[in-house]
Structure formats: structure tokens, C-alpha cells
Amino acid sequence: MAAAEELQEEAICAICLDFFCAPVMLDCGHNFCRACISLCWARAASQCPQCPQCRQPAGPSPRPNRPLGNIAERLRRGGRPGGPEEQIQLQLESLWREKGELEKQERKERWICQDYLEKVKAERQKIAPEFKQLRQYLEEQEHLLLARLGELEEQIKTRLKENAAKFSKKIIYLDGLIKEKECQLPEHKSLQDAGDVLSRCERAELQQKEWMSHKLKKEPSVCSEKASTLEEVARKPQGALTTDTGEGVEESQGPYTKVNVTLDPDTAQSRLVLSEDQRSVMQGATQQSRLDSPERFDPWPCVLGCEGFDSGRPCWEVEVCYGSCWAVGVALESVKRKGPIDMSPVGGIWAVGRYKEKFQALTSPCPTPVLPSIVPHRVRVCLDHAGGQVMFVNVDSEAVIFAFPRAMFAGERIHPWFWVGKGSQLKLCPET
């Protein structure tokens, strides 16, 4: 009898205190009804399943113990009569099992939905600033075009005033000639000559009106063809821009002159490594042995060109050997060298560059995204000191990358400027 009782105790579940029904074995060796252990884990707050008896971590899928289940089934049939209570118990176990499976599926779906919600939130945070930058870029382009239209309008008004003054002087001069001739000739002859003079004046005035109409039709196209004009200038840096004034063709802006540029080691930040010919720069792994001075950048990895320009229209080309963190442009001679630098026209810097996956112009108050077909491998920097203009051109495609609005350099010297991030190398192209 004692052996039979011990056998019955081994066949009883520690959770429901009844004979095992579809028992499963955990990794620790304890056995439980499948429905009982599933319900226990579903009600537990811990995310990691544990054994209810020894509290050791359990595996994700307990193993069925069929021999123990057969023993428990035989004991159930032999020790207890199958009555209504046993049937109800079996039905409850089936319902518990079904409920456990549903709760498990519900937790899985909740985790999946929560993961998707996090992804949607991250995508929204990514899209909003990108479209904000695009809107700012479009607004700046709108202001730039409106400003150029305003300049064109002022030029047309000035030309109208000049023409009115010029024609008025000619008319007064002709009136004086007419009166002088009338005094020298008989009355009928004077009237005939006056008619000839008036006829010639009317023809001249008609030709002048036709010429002015033709000029006014041509002028507004300057703004509508802004991009093509800039690209033509970029393709021919040695050529001159000209404007037809009606009295021949005269130079209006002058040519861009390609110049040789070298790097100034006295301004290079201590981590920057310059080549022997001072035409290439990259960021080293350690600091170089250089004496600190007021002219040297610190701690930003910047360097200036040796050459400074206070007049003319120089241009030079920079090749991006490799890297995704760099910027090229120009800076005032008085640009800040120590501590944080405002890399924008407010801080005395006009530049474009790439930071990781973004290619942008360093405008103020925040950078302006530039959307070229590809990130340029070779950039031409064009400086018009007198006109306060800085323009950047993709040398490979001869397309204008970006042109800054007109600035006032206040007669200060302008130097080539370079920012070199980790893993990047810039090289100055020699004059050809």
C-alpha cells in the first residue's frame, strides 16, 4: 500500500494537485500538466519562464512526458471512478489550454504592433526635418530670384532716365539748328527744310523705340535663364562676361582667372597632415608636432590657403580624393581660429561640403541642402571679390552647385578655406 501511495504522489501535479494530464518535463526535471504550467506562466509578471518549484529558468518549449502521462491515466482509472466531476475537470483543463494559447498569441501580436509603432515614430522624426530644410532652401531661392528681378528693374529704370536725358539734349540741339536755318532762308524754303528735319527726327525716334522694345524683351530673360548663364560662366573661367549697351559691347564683370593655391601650414589644425608640396591635406590619427599660434585653427580641423585675394575674380579647383566629411570654400582673413566656429557667412565663411550622407551649402542660420545628381568629385571655387559673389561648380559636369547671395567683404582679404573630417582627403589641382 505504501508503494502504491508513493506512486500516486509521483503522478500528481504540484499545481492542480490532481493526476497529470498531458504532463510535460522542464529542464530542471520537474513535471507539470501542460495546461497548468501554461496558465502559471501566463499569470506571472516575469518575461522569463521559471519552474514553480525550484525557480530555475525553463526552456521555451517543455518536453512531453508520455510514460508519466500513461501511469497517471491508469491510476486515474483504477483509483477513482470516472464520474461527472472528472469530466468537468477534463473540460476545465481543455479550456485552460485553449486560453493559454490565446494569451500567448495575444502577447506576440502586441509585441509586433509595438515594434511597428516605434518604426513609424522614427520615420516621422526623420522626415520632418528633411522637409523643413527643403522648404527653407526653396524660400532662400525665392528671395534670391526676387532680389535679382529687383536689380533688373532698377537697371531698366536707370536706362530709361538716361535715354530721356540724352534724347532731350538732342531735341534741344535740333530745335536750335532749325531756328538758325529758318532765319537764313525764305519763308517757304524754311518750312520745307523744317519738314525734312522733322521727318528725319520721326524716323530716328521710331528706330530708337524699336531698339528699346527689343532690349526690354531681352532683359527679363536674364533671370529666367539664370542657371544656364551661370553654367556658361563656369565652363569658361578665362572668358569675360559682356553686356550690350547699344553703343557696342563692353565688359561688365571681367574674366575668372585660374590661380595656383597652396595650403598654409601655419594655420593647419594640429591633427591635419599636409603633403610636401602643400597641395594635399588629410586628418591624421595623432597630433602633429606644431607650435600653437594665434593663426592656427584649434580644435576644428581647418586650414587656409597661403594666397589671399582683395580684388579680381580668381578661381581654383579642389579634388575630393576620398571621404564623406569635408567642406571647401573661402573665408575672411579675420575668421575666428580658436574654439567653436560658425561655418556660415555670419562667421565669415562661404562654403559647400558633405557630412556623411548630406551634401549642403553652409548657409545661415542653418545649412541648405543641395540636390545634385551625384556628389561632386571635383569642385571649382569661383570668387568675385568686387561683386561679393562666391560660386561653386561641379567640374565633371560643368553644372553650378550653389551660388551664395551677394555679400560685402568690406575690402578684407579672402583666403581659400578647407575643413577635413576623419577619413577624408582633399587635394588642390594645379593650374593648367
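**Exercise 1.** By about how many helical turns are Lys119 and Asp115 separated in helix H4 (residues 84-184)?

*Before you start.* This is a predicted model, where local features need pLDDT of at least 70, side-chain atom pairs count only at pLDDT 80 or more, and totals for chains, interfaces and linings use all residues. Residues are numbered from 1 along each chain as its sequence is written, and side-chain values use heavy atoms, with hydrogens and water left out.

*Solution.*
- Step 1: Find helix H4; helices (H or I, at least four residues) and strands (E, at least two) are DSSP runs, numbered from the N terminus.
- Step 2: Lys119 and Asp115 are four residues apart in H4, so about one helical turn separates them.
- Step 3: Their side chains form a salt bridge (3.6 Å, N to O). The term means a side-chain nitrogen of Lys or Arg within 4 Å of a carboxyl oxygen of Asp or Glu.
- Step 4: Asp115 is partly exposed, at 38% relative accessible area. Buried is under 20%, exposed over 50%, and partly exposed in between (1.4 Å probe, protein chains only).

**Exercise 2.** Work out which parts of the chain the salt bridge of Asp292 and Lys338 ties together.

*Solution.*
- Step 1: The closest approach in this salt bridge is 2.8 Å, N to O.
- Step 2: Asp292 sits in the loop between strand E8 (280-283) and E9, and Lys338 in the loop between E11 and E12, so the pair links parts 46 residues apart in sequence.
- Step 3: Asp292 is exposed at 59% relative accessibility, while Lys338 is partly exposed at 30%.

**Exercise 3.** Trace the open sheet of six strands and find its edges.

*Solution.*
- Step 1: The strand order is E9-E18-E11-E12-E13-E14, with antiparallel pairing. Two strands pair if DSSP finds at least two bridges between them.
- Step 2: Strand E9 (302-304) and strand E14 (368-369) each have a single partner strand, so one side of each lacks a neighbour in the sheet.
- Step 3: Look inside the sheet: seven bridges connect E11 (residues 325-332) with E12 (residues 349-355), and Ala327 stands opposite Gly353 in E12.

**Exercise 4.** Decide whether Cys40 belongs to a disulfide, and how accessible Cys40 is.

*Solution.*
- Step 1: A disulfide is a pair of cysteine sulfur atoms within 2.5 Å, and the structure holds zero of them.
- Step 2: For Cys40, the nearest cysteine sulfur is that of Cys51, 9.0 Å away, and Cys40 is in no disulfide.
- Step 3: Cys40 is partly exposed, with a relative accessible area of 31%.
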